[in-house]
Number of protein chains: 2
Amino acid sequence: MAFERVGVEEVWRGRIATVRVERWRQEDGEEVEREVVGHPGAVAVVAHDGEQLYLVRQPREPVGDPALLELPAGKLDRQGEDPLATAKRELAEEIGKGAGSWRHLTTFWASPGFSDEAIHVYLATDLYDEHAEADENERIVIETVPLSKLDELIRHCKDSKSLVGLLWLKAMGESA
Amino acid sequence: MAFERVGVEEVWRGRIATVRVERWRQEDGEEVEREVVGHPGAVAVVAHDGEQLYLVRQPREPVGDPALLELPAGKLDRQGEDPLATAKRELAEEIGKGAGSWRHLTTFWASPGFSDEAIHVYLATDLYDEHAEADENERIVIETVPLSKLDELIRHCKDSKSLVGLLWLKAMGESA
């Protein structure tokens, strides 16, 4: 008797997310029904040049915030693109930087009780200028914060990927 | 010209989540359409007795994990219940403990690009036995981890609320 999905029905499909009603068989044989929000996954990047951290502000309509301060980030929205490639593309699109050093810090589920969204968090250092054009008008404003103000930044940030990335830097340093 | 929601249509309603298509007016007057997953919000609790942290394992069908290790947590699923009351109830239901000291550490958006789910994270200390019956069979197994193994636990945890709570404890200590 294995833990496995034994049935699935897509009940809604949007531009980014989907909703599925799934049937799962538990390891003891019992079957349960779960509503699951499907999401392609995302990346977030802790990027600094040894003195400044690079953040972005943008409107986040789902939470009613016209200018939420977050790590540079983006969805895995291109077929077959691996998370590190997405992270490199987003860093160039959002803050106009490339990085000589990339390190994967952690990957986590945003909300495993009802969604399959995974967020991959990277550290990017040895930054250099490298601009890339974004697909759409993302209304992004770049903001730099001194590394010496990391504690205040952590207390100011309000989303999972930024908190995990910045707390990881503060708690665990630059290693995975 | 304000940042405001100027239209909303519910396109799916499940037992926990909903999906809305919303129209927002940006601060420069442009209007955009957003797909938003609505969620009641949740709490998570970093609970320790000075020696052991209390975690729970449970099946998380949305991410295909039969035994994900997480902080005790739960949804704000009772009308009008405040987050601290939810946290106290969940701690008693999930690990059979009350706490003499409660502290709010942070509140964050799980995924502000497409969902309105907020997660409130508390620190609970001065633990004592206090059992409460859960509403449903939650298939929860309690697991304790020594505080001295906090780093290994952080590297093992794979969900936003557990990482934020445990990283906060390691990085910021027991203050908000």
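Two strands are taken to pair if DSSP finds at least two bridges between them, where strands (E, at least two residues) and helices (H or I, at least four) are DSSP runs numbered from the N terminus. The model described here is predicted, with local features needing pLDDT of at least 70, side-chain atom pairs counting only at pLDDT 80 or more, and totals for chains, interfaces and linings using all residues. Residues are numbered from 1 along each chain as its sequence is written, chains are lettered from A and ligands numbered from 1 in the order in which they are written, and side-chain values use heavy atoms, leaving out hydrogens and water.

A good place to begin is the open sheet of four strands in chain B, with the order 7-4-9-8 and mixed pairing. Its edges are strand 7 (73–75) and strand 8 (97–109), each of which pairs on one side only. Ignoring direction, neighbouring strands are turned by 20 degrees against each other on average; axes are lines fitted to C-alpha atoms, for helices over the stretch in contact, and angles run from 0 to 180 degrees between N-to-C directions. Strand 4 (residues 42–47) runs antiparallel to strand 7, joined by three bridges, and here B:Ala42 stands opposite B:Lys75. Across strands 4, 7, 8 and 9 (118–129) of chain B lies helix 3 (residues 160–172), at about 110 degrees to strand 8; contact means heavy atoms within 4.5 Å.

Chain B also holds an open sheet of three strands, ordered 1-2-3 and paired antiparallel. Strand 1 (4–13) and strand 3 (31–38) are the edge strands, and the twist from one strand to the next averages 20 degrees. Eight bridges link strand 1 with the antiparallel strand 2 (residues 18–25), in which B:Trp24 faces B:Arg5 as its opposite residue.
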